[in-house]
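Please open the model in a viewer and keep the sequence panel visible. The stops below are to be taken in order, each with a selection to make.

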Amino acid sequence: MLAPLALAKLAIPNDAFGTIEASLDFCARVDPQSAAKYQEKKNFLVQGASDTEVAEARASKEYKDGYDAATEQMGKEPKEKMKKTCAAGLEEKN
């Protein structure tokens, strides 16, 4: 059971991957002038993983559950608050 995990190049669990991508996608919508920066962060997340591995991760139930939960939660927050939160996230160093 551990062997497939050892071979996987996606460095984070699928649920966390979904949560992070949902956050970045949401931020790109509330802060469209910084959309390219959010896309750079998404690209960094999948660095080293094949297109197939990324597609399989995105198709998993864990990814979808994480993505949906994060999107729902962020959608409940005021847009201006989320825009500030997103901007602060861009200021952090990788």
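Helices in this tour are DSSP runs of H or I with at least four residues, numbered from the N terminus. By that rule Asp 68 lies in helix 5. The model is a predicted one.

**The whole chain**

Begin with the complete chain in a ribbon view. Six helices and zero strands are present, and reading along the sequence gives the pattern α-α-α-α-α-α. Of the 94 residues in the chain, 29% are buried. Among contacts with a separation of 6 or more, 78% join residues that are 24 or more positions apart.

**Helix 2**

Next, select residues 14-30, which form helix 2. This helix has 17 residues and reaches 24 Å from its first C-alpha to its last, close to the 24 Å expected at 1.5 Å a residue. Now display side chains along helix 2. The buried residues there are Phe 17, Gly 18, Glu 21, Ala 22, Leu 24, Asp 25, Phe 26, Cys 27 and Val 30. A general point helps in viewing such a list: an α-helix has 3.6 residues a turn, so residues three or four places apart point the same way.

Against which helices do the buried residues of helix 2 pack? To see the partners, colour helix 3 (35-45), helix 4 (51-59), helix 5 (61-75) and helix 6 (79-91).

**Leu 24**

Stay on helix 2 and select Leu 24. Is Leu 24 buried or exposed? Leu 24 counts as buried because its relative accessibility is 11%, and the cut-off for buried is under 20%. Leaving aside residues up to four places away in sequence, Leu 24 touches Tyr 38, Lys 41, Lys 42 and Leu 45. For a distance to display, choose the C-alpha atoms of Leu 24 and Lys 37: they are 9.3 Å apart in space, with the two positions 13 residues apart in sequence numbering.

**Helix 2 with helix 6**

Add helix 6 to the selection. The axes of helix 2 and helix 6 come within 9 Å and cross at roughly 115°, and the crossing is left-handed. On the helix 2 side, the contact involves Phe 26, Cys 27 and Val 30; on the helix 6 side, Lys 79, Met 82, Lys 83 and Cys 86. These residues divide into five nonpolar, no polar and two charged.

**The nonpolar core**

Which residues have the most contacts inside the largest nonpolar core? Select Leu 10, Phe 17, Val 46 and Met 74, which hold that place in a core of 18 residues. Helix 2, helix 3, helix 4, helix 5 and helix 6 each supply at least two residues of this core, and helix 2 gives the most, with six residues.

Centre the view on Val 46. Not counting residues up to four places away in sequence, Val 46 touches Leu 10, Phe 17, Val 54 and Arg 58.

**Helix 4 with helix 5**

Now show helix 4 and helix 5 together. Their axes come within 5 Å and cross at roughly 65°. Ala 57, Arg 58 and Ala 59 in helix 4 meet Lys 61, Tyr 63 and Lys 64 in helix 5. The residues of this contact divide into three nonpolar, no polar and three charged.

**Two aspartates of helix 5**

Remain on helix 5 and select Asp 65, which is found there. Asp 65 is classed as partly exposed because its relative accessible area is 39%. The C-alpha atoms of Asp 65 and Thr 19 are 8.3 Å apart in space, although the two residues are 46 residues apart in sequence.

Move along helix 5 to Asp 68. With a relative accessible area of 48%, Asp 68 is also partly exposed; the exposed class begins over 50%. Asp 68 and Ala 22 are 46 residues apart in sequence and 7.5 Å apart in space, C-alpha to C-alpha.

**Ala 11, in a loop**

Finally, select Ala 11, in the loop between helix 1 (2-7) and helix 2. Is Ala 11 buried or exposed? Ala 11 is exposed because its relative accessible area is 71%. The last distance to draw joins the C-alpha atoms of Ala 11 and Leu 45, which are separated by 7.8 Å and lie 34 residues apart along the chain.

Definitions and conventions: Residues are numbered from 1 along each chain as its sequence is written. This is a predicted model: local features need pLDDT of at least 70, side-chain atom pairs count only at pLDDT 80 or more; totals for chains, interfaces and linings use all residues. Side-chain values use heavy atoms; hydrogens and water are left out. The expected span of a helix is 1.5 Å times one less than its number of residues. Buried means under 20% relative accessible area, exposed over 50%, partly exposed in between (1.4 Å probe, protein chains only). Contact means heavy atoms within 4.5 Å. Axes are lines fitted to C-alpha atoms, for helices over the stretch in contact, and angles run from 0 to 180 degrees between N-to-C directions. A crossing is left-handed if the near helix is turned anticlockwise from the far one by less than a right angle, and right-handed if clockwise. Ala, Val, Leu, Ile, Met, Phe, Trp, Tyr, Cys and Pro count as nonpolar, Asp, Glu, Lys and Arg as charged, and the others, Gly among them, as polar. A nonpolar core is a set of buried Ala, Val, Leu, Ile, Met, Phe, Trp, Tyr and Cys residues joined through side-chain atoms within 4.5 Å.
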